[in-house]
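Thanks for coming; I would like to take a few minutes on pockets, one arginine and the nonpolar cores, in that order of interest rather than of sequence. Please keep the view open while I talk.

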Amino acid sequence: MLDIKIELNPNPKKLPDKNDPLVFGTIFTDHMFIMDYTAEKGWHDARIVPYQPICLEPSAMVFHYGQEMFEGLKAYKSKDGRILLFRPDMNAKRTNRTCEILCMPGIPEEDFVQAIKELVKIDKNWIPTREGTSLYIRPFIIATTPFLGVKPADKYKFIIILSPVGPYYPEGLDPVKIWIEDTYVRAVKGGIGEAKTGGNYAASLRAQMKAHKEGYSQVLWLDGVHRKYIEEVGSMNIFFKINGVVVTPMLNGSILPGITRDSVIRLCWEWGYEVQERLISIDEVYEAHKNGTLEEVFGTGTAAVISPVGKLRWDDHVMVIRDGGIGELSQRLYDNLTGIQLGDLPDTFGWMVEVK
Ligand code: COI
């Protein structure tokens, strides 16, 4: 159990207006959590302080070799005033898996969740309640040792910041257009693709800019070896409904083990769908589109929730899915997931954690 010192912000900011669009990741709350690590002391000095810049030496290793990790989860306010977190234990577990991959010190799961709960409690007035909004929670760890040699650092900071957000994509639940990338690769098996670390997102930017230039909002990655098997989308995992079966790439070490992905699989099982986690080639998707069995495509992610895909472009082939409209399963998943998260539907899986 952490002993968290609290320094309240003497100059709280004005809360966003009820009609503020809450563009994703642009507004930050009054407080942040911070905790230090040294090899001698382990994690220590847990504190909640006013949201502020952090001071680091320019030689801090994070700036040079990218030793950092981050997470993303959300807090919601239910109609009866409860504050709810969605599966924070899963983020704690994934943090520790990422830390293992990047040779960083992990954080006890209960400390990770406690820090989030305490911070959200202090900034609870920042949880927006308009439809499609939530309080996005961004925990991250950075290497702070001032050193220019390449090796794991021995000093770190664990920080949590909060941001009231609307939809990740400006499209909201309207279907997005996705560019299938066959030149650049994001990650390869044996690399760090399954880690939630900035490097994987840095690796995605060039392709994302290319996609944007062509009028597509995200990139769908193919595997780095054969350039053939579907991996994931820039900020989401990807699902296909082909001839009634729900298909998603299996976790192979190079894609992110999404918490929304896991939740969607469980919901689909519950509803009696056959779910296959396996290799899916782009040729299979293209064939399914050609023969009319590609019924739905959607992305899943904490930020994006469920994001229906209306158009896929692969090389010269443009696949329009459901005439660019939202599929039945995508809509049902969105309604059920957000219903559970907001406390409007029964939490039969025991996913929600109340902040008291
Ligand atoms: C999330 O969905 O929480 C993520 O971390 C994706 C991020 C790129 C917004």
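Before I name any element, let me say that helices here are DSSP runs of H or I with at least four residues, numbered from the N terminus. What you are looking at is a predicted model.

With that in place, Arg94 sits in helix α2, which covers residues 88-101. Is this arginine buried or exposed? Its relative accessibility is 7%, and because buried means under 20%, Arg94 counts as buried. Leaving aside residues up to four places away in sequence, Arg94 is in contact with Glu71, Gly72 and Lys196, and also with Leu256, Pro257, Gly258 and Ile259.

Lys196 brings us to the largest pocket, whose volume is about 460 Å³. Its lining comprises 28 residues, and those closest to the centre are Phe70, Lys196, Tyr201, Gly234 and Ser235. The elements contributing two or more residues to this lining are β7 (134-143), α4 (198-202), α5 (205-213), α6 (259-270) and β15 (294-301). By residue class, the lining splits into 12 nonpolar, 12 polar and four charged. Where does the largest pocket lie with respect to domain 1 and domain 2? Both domain 1 (5-165) and domain 2 (176-341) supply lining residues, so the pocket lies between them.

The second largest pocket has a volume of about 400 Å³. Of the 24 residues that line this pocket, Gly132, Thr133, Val305, Tyr334 and Thr338 are nearest its centre. Two or more lining residues come from each of β5 (73-77), β16 (305-314) and α8 (328-341), with α8 giving the most, namely five residues. The lining of this second pocket is made up of 12 nonpolar, eight polar and four charged residues, and at least three residues are drawn from each of domain 1 and domain 2.

Finally, the nonpolar cores. The largest of them has 49 residues, and the members with the most contacts inside it are Phe33, Val120, Ile137, Ile141 and Phe158. To take one of these, Val120 touches Ala75, Ile83, Leu85, Ile127, Ile137 and Leu162, again not counting residues up to four places away in sequence. A second core, separate from the largest, has 27 residues, including Val176, Ile178, Ile238 and Leu294.

If you take one picture away, let it be the largest pocket, lying between domain 1 and domain 2 because both give residues to its lining.

Definitions and conventions:
Residues are numbered from 1 along each chain as its sequence is written. This is a predicted model: local features need pLDDT of at least 70, side-chain atom pairs count only at pLDDT 80 or more; totals for chains, interfaces and linings use all residues. Side-chain values use heavy atoms; hydrogens and water are left out. On a 1 Å grid over the protein atoms alone, a cavity is a set of points where a 1.4 Å probe fits but cannot get out, and a pocket is an open set with protein on both sides within 12 Å along at least five of seven lines; lining residues have an atom within 4 Å of a point. Grid points are joined across faces, edges and corners, and a volume is the space filled by probe spheres set on the points. Ala, Val, Leu, Ile, Met, Phe, Trp, Tyr, Cys and Pro count as nonpolar, Asp, Glu, Lys and Arg as charged, and the others, Gly among them, as polar. Domain bounds come from an automatic or database domain assignment. Buried means under 20% relative accessible area, exposed over 50%, partly exposed in between (1.4 Å probe, protein chains only). Contact means heavy atoms within 4.5 Å. A nonpolar core is a set of buried Ala, Val, Leu, Ile, Met, Phe, Trp, Tyr and Cys residues joined through side-chain atoms within 4.5 Å.
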